[in-house]
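Me: I'm in my first year and I have a structure open in front of me. Could you take me closely through a single part of it, and then show me how that part sits in its surroundings?

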Amino acid sequence: MNKIYFKGDVKNAKKFNSLLESLEIETQNKKTKLVCVDIDNTLANVNNELKKLGYDINIYPNPFIDNDFWLNFEGQMLLFNAELIKTTLAILNTLYHNFDVEIFFATSRPLDLIDITYAWLIKNNIMADVYFTKNKPQLDADIYIEDEPTTIEKLINLQKTVLVPKWPYNAHIESPLAIHYDISTR
(Lines give C-alpha, C1' and ligand atoms only; values in the text may rest on other atoms or scores of the structure.)
Protein backbone atom coordinates (compact mmCIF):
# COMPACT_ATOMS: atom_id res chain seq x y z
CA MET A 1 0.00 0.00 0.00
CA ASN A 2 1.20 3.49 -0.83
CA LYS A 3 1.48 6.34 1.65
CA ILE A 4 -1.71 7.06 3.62
CA TYR A 5 -2.52 10.63 4.59
CA PHE A 6 -5.04 12.00 7.08
CA LYS A 7 -5.01 15.08 9.31
CA GLY A 8 -7.54 15.28 12.11
CA ASP A 9 -8.45 14.12 15.59
CA VAL A 10 -8.28 10.50 16.73
CA LYS A 11 -12.05 9.86 16.45
CA ASN A 12 -12.07 10.95 12.80
CA ALA A 13 -8.78 9.18 12.06
CA LYS A 14 -10.41 5.93 13.23
CA LYS A 15 -13.39 6.56 10.93
CA PHE A 16 -10.99 7.27 8.06
CA ASN A 17 -9.09 4.03 8.73
CA SER A 18 -12.39 2.11 8.73
CA LEU A 19 -13.26 3.70 5.39
CA LEU A 20 -9.88 2.63 3.97
CA GLU A 21 -10.36 -0.93 5.27
CA SER A 22 -13.76 -1.22 3.60
CA LEU A 23 -12.36 0.31 0.38
CA GLU A 24 -9.57 -2.25 0.37
CA ILE A 25 -12.02 -5.14 0.63
CA GLU A 26 -14.51 -3.76 -1.88
CA THR A 27 -11.98 -2.70 -4.49
CA GLN A 28 -10.16 -6.04 -4.25
CA ASN A 29 -13.45 -7.52 -5.40
CA LYS A 30 -13.19 -5.31 -8.50
CA LYS A 31 -15.83 -2.85 -7.35
CA THR A 32 -14.74 0.59 -8.53
CA LYS A 33 -15.88 3.25 -6.10
CA LEU A 34 -16.94 6.73 -7.20
CA VAL A 35 -15.57 9.71 -5.27
CA CYS A 36 -17.27 13.08 -5.81
CA VAL A 37 -15.19 16.10 -4.80
CA ASP A 38 -16.61 19.56 -4.25
CA ILE A 39 -14.45 22.50 -5.34
CA ASP A 40 -15.17 25.63 -3.27
CA ASN A 41 -13.79 25.36 0.28
CA THR A 42 -13.10 21.68 -0.24
CA LEU A 43 -10.43 21.76 -2.93
CA ALA A 44 -10.08 25.54 -3.43
CA ASN A 45 -9.69 27.74 -0.34
CA VAL A 46 -12.21 30.40 -1.34
CA ASN A 47 -12.85 31.21 2.34
CA ASN A 48 -9.29 32.45 2.74
CA GLU A 49 -9.78 34.88 -0.14
CA LEU A 50 -13.13 36.04 1.29
CA LYS A 51 -11.51 36.57 4.69
CA LYS A 52 -8.87 38.82 3.08
CA LEU A 53 -11.73 41.01 1.81
CA GLY A 54 -13.25 41.25 5.29
CA TYR A 55 -16.08 38.73 4.97
CA ASP A 56 -17.05 36.61 7.98
CA ILE A 57 -16.38 33.02 6.93
CA ASN A 58 -18.10 31.65 10.04
CA ILE A 59 -21.47 32.45 8.46
CA TYR A 60 -22.67 30.10 5.75
CA PRO A 61 -24.07 31.02 3.42
CA ASN A 62 -22.88 34.58 3.84
CA PRO A 63 -25.91 36.86 3.40
CA PHE A 64 -23.77 39.58 1.79
CA ILE A 65 -22.58 37.39 -1.09
CA ASP A 66 -24.90 36.44 -3.94
CA ASN A 67 -24.51 35.03 -7.46
CA ASP A 68 -23.95 38.53 -8.84
CA PHE A 69 -20.79 38.79 -6.71
CA TRP A 70 -19.36 35.61 -8.23
CA LEU A 71 -20.26 36.66 -11.76
CA ASN A 72 -18.44 40.00 -11.56
CA PHE A 73 -14.71 40.46 -12.13
CA GLU A 74 -13.80 40.68 -8.43
CA GLY A 75 -15.62 37.45 -7.62
CA GLN A 76 -14.09 35.59 -10.53
CA MET A 77 -10.58 36.76 -9.63
CA LEU A 78 -11.20 35.65 -6.06
CA LEU A 79 -12.12 32.17 -7.35
CA PHE A 80 -9.10 32.06 -9.65
CA ASN A 81 -6.70 33.17 -6.89
CA ALA A 82 -7.95 30.68 -4.30
CA GLU A 83 -5.19 28.40 -3.10
CA LEU A 84 -5.38 24.65 -3.42
CA ILE A 85 -6.28 22.94 -0.13
CA LYS A 86 -3.35 20.58 0.12
CA THR A 87 -4.92 18.34 2.75
CA THR A 88 -7.79 17.52 0.39
CA LEU A 89 -5.32 16.83 -2.41
CA ALA A 90 -3.31 14.51 -0.15
CA ILE A 91 -6.46 12.59 0.81
CA LEU A 92 -7.41 12.32 -2.87
CA ASN A 93 -3.94 10.97 -3.65
CA THR A 94 -4.33 8.42 -0.84
CA LEU A 95 -7.59 7.19 -2.32
CA TYR A 96 -6.40 7.27 -5.95
CA HIS A 97 -3.06 5.51 -5.44
CA ASN A 98 -4.32 2.81 -3.08
CA PHE A 99 -7.78 1.82 -4.26
CA ASP A 100 -9.84 1.28 -7.38
CA VAL A 101 -11.62 4.64 -7.31
CA GLU A 102 -12.85 7.01 -9.97
CA ILE A 103 -12.59 10.62 -8.80
CA PHE A 104 -14.70 13.37 -10.29
CA PHE A 105 -15.51 16.95 -9.36
CA ALA A 106 -18.82 18.71 -8.78
CA THR A 107 -19.67 22.28 -7.96
CA SER A 108 -22.79 24.27 -7.28
CA ARG A 109 -21.25 27.26 -9.04
CA PRO A 110 -23.39 28.77 -11.79
CA LEU A 111 -22.61 27.39 -15.24
CA ASP A 112 -21.55 30.94 -16.18
CA LEU A 113 -18.37 30.22 -14.18
CA ILE A 114 -17.30 27.26 -16.30
CA ASP A 115 -14.30 29.07 -17.84
CA ILE A 116 -12.89 30.36 -14.55
CA THR A 117 -13.47 26.95 -12.95
CA TYR A 118 -11.47 25.11 -15.62
CA ALA A 119 -8.81 27.86 -15.61
CA TRP A 120 -8.34 27.30 -11.87
CA LEU A 121 -8.14 23.53 -12.29
CA ILE A 122 -5.57 23.85 -15.10
CA LYS A 123 -3.54 26.37 -13.04
CA ASN A 124 -3.40 23.73 -10.27
CA ASN A 125 -2.53 20.87 -12.65
CA ILE A 126 -5.85 19.12 -12.22
CA MET A 127 -7.23 17.71 -15.45
CA ALA A 128 -10.77 16.55 -14.88
CA ASP A 129 -14.34 17.04 -15.88
CA VAL A 130 -16.63 19.00 -13.57
CA TYR A 131 -20.35 18.55 -13.01
CA PHE A 132 -22.16 21.83 -12.42
CA THR A 133 -25.16 20.95 -10.24
CA LYS A 134 -27.11 22.20 -7.26
CA ASN A 135 -28.05 18.58 -6.50
CA LYS A 136 -24.84 16.63 -5.82
CA PRO A 137 -26.62 13.63 -4.26
CA GLN A 138 -28.11 12.84 -7.69
CA LEU A 139 -24.58 12.03 -8.89
CA ASP A 140 -24.79 8.92 -6.69
CA ALA A 141 -21.13 8.64 -5.73
CA ASP A 142 -20.02 6.19 -3.06
CA ILE A 143 -17.92 8.76 -1.19
CA TYR A 144 -18.24 12.53 -1.18
CA ILE A 145 -15.79 15.20 -0.14
CA GLU A 146 -17.94 18.21 0.70
CA ASP A 147 -18.02 21.27 2.99
CA GLU A 148 -21.56 22.63 2.53
CA PRO A 149 -23.69 21.69 5.60
CA THR A 150 -27.05 21.17 3.87
CA THR A 151 -25.49 18.95 1.21
CA ILE A 152 -23.57 16.98 3.85
CA GLU A 153 -26.79 16.35 5.79
CA LYS A 154 -28.62 15.22 2.63
CA LEU A 155 -25.80 12.82 1.80
CA ILE A 156 -25.74 11.40 5.33
CA ASN A 157 -29.51 10.85 5.12
CA LEU A 158 -28.80 8.85 1.94
CA GLN A 159 -26.25 6.76 3.89
CA LYS A 160 -23.27 8.18 1.98
CA THR A 161 -19.84 8.58 3.54
CA VAL A 162 -18.74 12.22 3.52
CA LEU A 163 -15.22 13.47 4.11
CA VAL A 164 -15.69 16.97 5.54
CA PRO A 165 -13.00 19.67 5.47
CA LYS A 166 -13.35 21.27 8.89
CA TRP A 167 -14.86 24.76 8.76
CA PRO A 168 -16.70 26.59 11.58
CA TYR A 169 -20.00 26.32 9.70
CA ASN A 170 -19.94 22.51 9.38
CA ALA A 171 -18.31 21.50 12.67
CA HIS A 172 -21.72 20.81 14.25
CA ILE A 173 -22.42 17.87 11.94
CA GLU A 174 -21.95 14.62 13.80
CA SER A 175 -22.54 11.24 12.22
CA PRO A 176 -20.67 7.96 11.85
CA LEU A 177 -20.74 8.75 8.11
CA ALA A 178 -19.14 12.22 8.47
CA ILE A 179 -15.34 12.17 8.66
CA HIS A 180 -14.04 15.64 9.51
CA TYR A 181 -10.46 16.47 8.59
CA ASP A 182 -8.28 19.45 9.37
CA ILE A 183 -7.23 21.73 6.52
CA SER A 184 -5.13 24.22 8.48
CA THR A 185 -1.60 24.79 7.27
CA ARG A 186 -0.19 25.17 10.78
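**The sheet and what packs on it**

Reply: Start at a loop. Thr133 sits in the loop between strand 5 (130–132) and strand 6 (143–145). Keep in mind that this is a predicted model.

Is Thr133 buried or exposed? Its relative accessible area is 12%. The cut-off for buried is under 20%, so Thr133 counts as buried. Now look at what surrounds the residue. Leaving out residues up to four places away in sequence, Thr133 touches Thr107, Ser108, Gln138 and Leu139. With Gln138 there is also a polar contact, side chain to side chain, at 3.3 Å.

Next, step back to the sheet. Six strands form it, in the order 5-4-1-6-7-8. The sheet is open, and the pairing is parallel. Strand 5 and strand 8 are at the edges. Each has a single partner strand, so one side of each has no neighbour in the sheet. From one strand to the next, the twist averages 25 degrees.

Go to the strand 8 edge. Strand 7 (161–165) and strand 8 (178–181) run parallel, and four bridges join them. Which residues pair up? Leu163 has Ile179 as its bridge partner in strand 8. Val164 has His180. In a regular strand, side chains alternate between the two faces of the sheet. Strand 8 shows two directions: Ala178 and His180 point one way, Ile179 and Tyr181 the other. All of these residues are buried.

Now the helices. Helix 5 (residues 86–98) lies across strand 1 (33–38), strand 4 (101–107), strand 6, strand 7 and strand 8. It runs at about 150 degrees to strand 4.

Helix 7 (residues 149–157) has these buried residues: Pro149, Thr151, Ile152, Leu155 and Ile156. They cover an arc of only 160 degrees around the axis, which means they are on the same side of helix 7. What do they pack against? Strand 6, strand 7 and strand 8. Check both ends of this helix too. At its start, a side-chain oxygen of Glu148 comes to within 3.3 Å of the backbone nitrogen of Thr150. After helix 7 comes Gln159, with a positive phi near 65 degrees.

Helix 6 (residues 114–123) can be read in a similar way. Ile116, Thr117, Trp120 and Leu121 are buried there. Look down the axis of helix 6: its buried residues fall within an arc of 140 degrees, so they line one face of the helix. They pack against strand 2 (44–45), helix 4 (73–81), strand 3 (83–84) and strand 5. Just after helix 6, Asn125 has a positive phi of about 60 degrees.

Finally, the cores. The largest nonpolar core has 41 residues. Trp70, Leu95, Trp120 and Leu163 have the most contacts inside it. You have already met two of these names: Trp120 is one of the buried residues of helix 6, and Leu163 is the bridge partner of Ile179. Helix 1 (residues 10–28) gives the most to this core, with four residues. Another core lies apart from it, with 14 residues. Among them are Ala141, Leu155, Ile156 and Val162. Leu155 and Ile156 are familiar, as they belong to the buried residues of helix 7.

Note on methods:
Residues numbered from 1 in each chain as written. Predicted model: local features only at pLDDT ≥ 70, side-chain atom pairs only at ≥ 80, totals over all residues. Heavy atoms only, no water. Buried < 20%, exposed > 50% of the residue type's maximum accessible area, 1.4 Å probe, protein only. Polar contact = N/O pair within 3.5 Å; in protein donor to acceptor, adjacent residues only side chain to side chain. Contact = heavy atoms within 4.5 Å. Arc of directions from axis to C-beta. Pairing = 2+ DSSP bridges. Core = buried A, V, L, I, M, F, W, Y, C linked by side-chain atoms within 4.5 Å. Axes fitted to C-alpha atoms, helices over the stretch in contact; angles between N-to-C directions.
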